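Colleague: I'm new to this structure and would rather know one part well than skim everything. Please pick a part, take a close look at it, and tell me how its surroundings are put together.

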Amino acid sequence: MKTYKYYGRADGIGNRIEQLMQFQEFCDKENAKCIYIWNNSHNRDYLPLIEFPNIEIIDQISLDILKLETCLSLRSKDYQIPYRFLFDPPPIPIPYDVIIHVRGTDRIQDKPTHPDFSTQDTLDSYIEQTIHYLNTHDSIQTYTIVSDESKYIDFMRERITKTFVSLSYPDNIQPEWIDFYYLTQATQYVFMCSQFSSFSATAAVISNTKLLIFANSLKSSLKGYQAKLEIVDNTKDSC
């Protein structure tokens, strides 16, 4: 069995998992293994709390690195990604139909320099449209929200009329991993309430859940993620 070695991205959890999903499919189809070096440079210090059957994740960089570039464009929508979280997940009090991920902070620019970014006004518009979508769709009765800014959670809770599911955050698990776990547990949809977020996109892909998006997000890096998409603000239904 051939073994590949790869020095991973020093990015957020979403981008790292996108790489790992690609490598898992490639190695599974090629009867290979991958040694993936978890890169915590550039002040991105996350524990590797996920595993895949064909990948060994390590945190050392003393290995000779062989770039595994050939797998980066091979992932398909039909491949169901096997994975397991390496922590005991917190209990979910009741199932939620949809989980909303609001991504602001570093995705906001006064004059966006890339299609992955938006203005604050655009994000505010997405939030208003998300609230309207939940309130007007009878198939959605329960929901929850994750965000790196609690002000968005509080604002949307006050406006959405459906049942909100409160989530717990144990102190012994990094909150980013708990958010990602919660994003994989929706019974119907992950709602990407932002211009683009690899975090919510990869959660939808890995859990085989439909991703609700705004039409402008099709101009972003989302097109490379092979997610099952439903557009909420125009006449298209799915991609």
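Modeller: Let's look at the pocket and then move on to the loops and a few buried residues. Keep in mind that what you see is a predicted model.

The largest pocket holds about 500 Å³ of space. Its lining is made up of 20 residues, and the ones nearest its centre are Tyr46, Arg103, Asp148, Glu176 and Phe199. If you want to find it by secondary structure, go to helices H1 (13–30), H4 (175–183) and H5 (198–206), the elements that each give two or more residues to the lining. What kind of residues line it? The lining splits into 8 charged, 7 polar and 5 nonpolar residues.

Take H4 next. Of its 9 residues, 7 are buried, so the helix is largely enclosed by the rest of the structure. The buried ones are Trp177, Ile178, Asp179, Phe180, Tyr181, Tyr182 and Leu183.

Now for H5, and the loop that leads into it. Glutamine 195 sits in that loop, between strand S9 (189–193) and H5. Is glutamine 195 buried or exposed? With a relative accessible area of 9%, glutamine 195 is buried, because anything under 20% counts that way. Its side chain also has a polar partner: the side chain of tyrosine 126, at 2.7 Å. Setting aside neighbours within four places in sequence, glutamine 195 is in contact with Pro115, Asp116, Phe117, Ser118 and Tyr126, and also with Asn216, Ser217 and Ser220.

Leucine 222 shares one of those partners. Leucine 222 belongs to the loop between strands S10 (210–213) and S11 (229–231), and at 2% relative accessible area it is buried. Beyond four places in sequence, leucine 222 is in contact with Met192, Phe196, Ala201, Leu211, Ile213, Ser217 and Leu229. Pick out phenylalanine 196 from that list: leucine 222 is 26 residues away from phenylalanine 196 in sequence, yet their C-alpha atoms are 6.7 Å apart in space.

Another loop gives you a contrast. Threonine 119 is in the loop between strand S6 (98–102) and helix H2 (120–136), and it counts as partly exposed at 22% relative accessibility. Leaving out residues up to four places away, threonine 119 touches Ile108, Gln109, Asp110 and Pro112. From threonine 119 to arginine 159, the separation is 40 residues in sequence and 22 Å in space, C-alpha to C-alpha.

Glutamate 149 is also a loop residue, found between strand S7 (142–147) and helix H3 (150–159). At 19% relative accessibility, glutamate 149 counts as buried, since the cut-off is 20%. Not counting residues up to four places away, glutamate 149 touches Gly104 and Thr105.

Last stop, the cysteines. How many disulfides does a search of the whole structure find? The number is 0. Cysteine 34 shows you why: its sulfur is 5.1 Å from the closest cysteine sulfur, the one in cysteine 27, and that is too far for a bond, because a disulfide needs the two sulfurs within 2.5 Å. Cysteine 34 is buried, at 0% relative accessible area, and cysteine 193 also counts as buried at 0%.

Terms used. Residues numbered from 1 in each chain as written. Predicted model: local features only at pLDDT ≥ 70, side-chain atom pairs only at ≥ 80, totals over all residues. Heavy atoms only, no water. Buried < 20%, exposed > 50% of the residue type's maximum accessible area, 1.4 Å probe, protein only. 1 Å grid on protein atoms, 1.4 Å probe; cavity = no way out; pocket = protein on both sides within 12 Å on 5 of 7 lines; lining within 4 Å. Points joined across faces, edges and corners; volume = space filled by probe spheres on them. Helix = DSSP H or I, 4+ residues; strand = E, 2+ residues; numbered from the N terminus. Nonpolar A, V, L, I, M, F, W, Y, C, P; charged D, E, K, R; others polar. Polar contact = N/O pair within 3.5 Å; in protein donor to acceptor, adjacent residues only side chain to side chain. Contact = heavy atoms within 4.5 Å.
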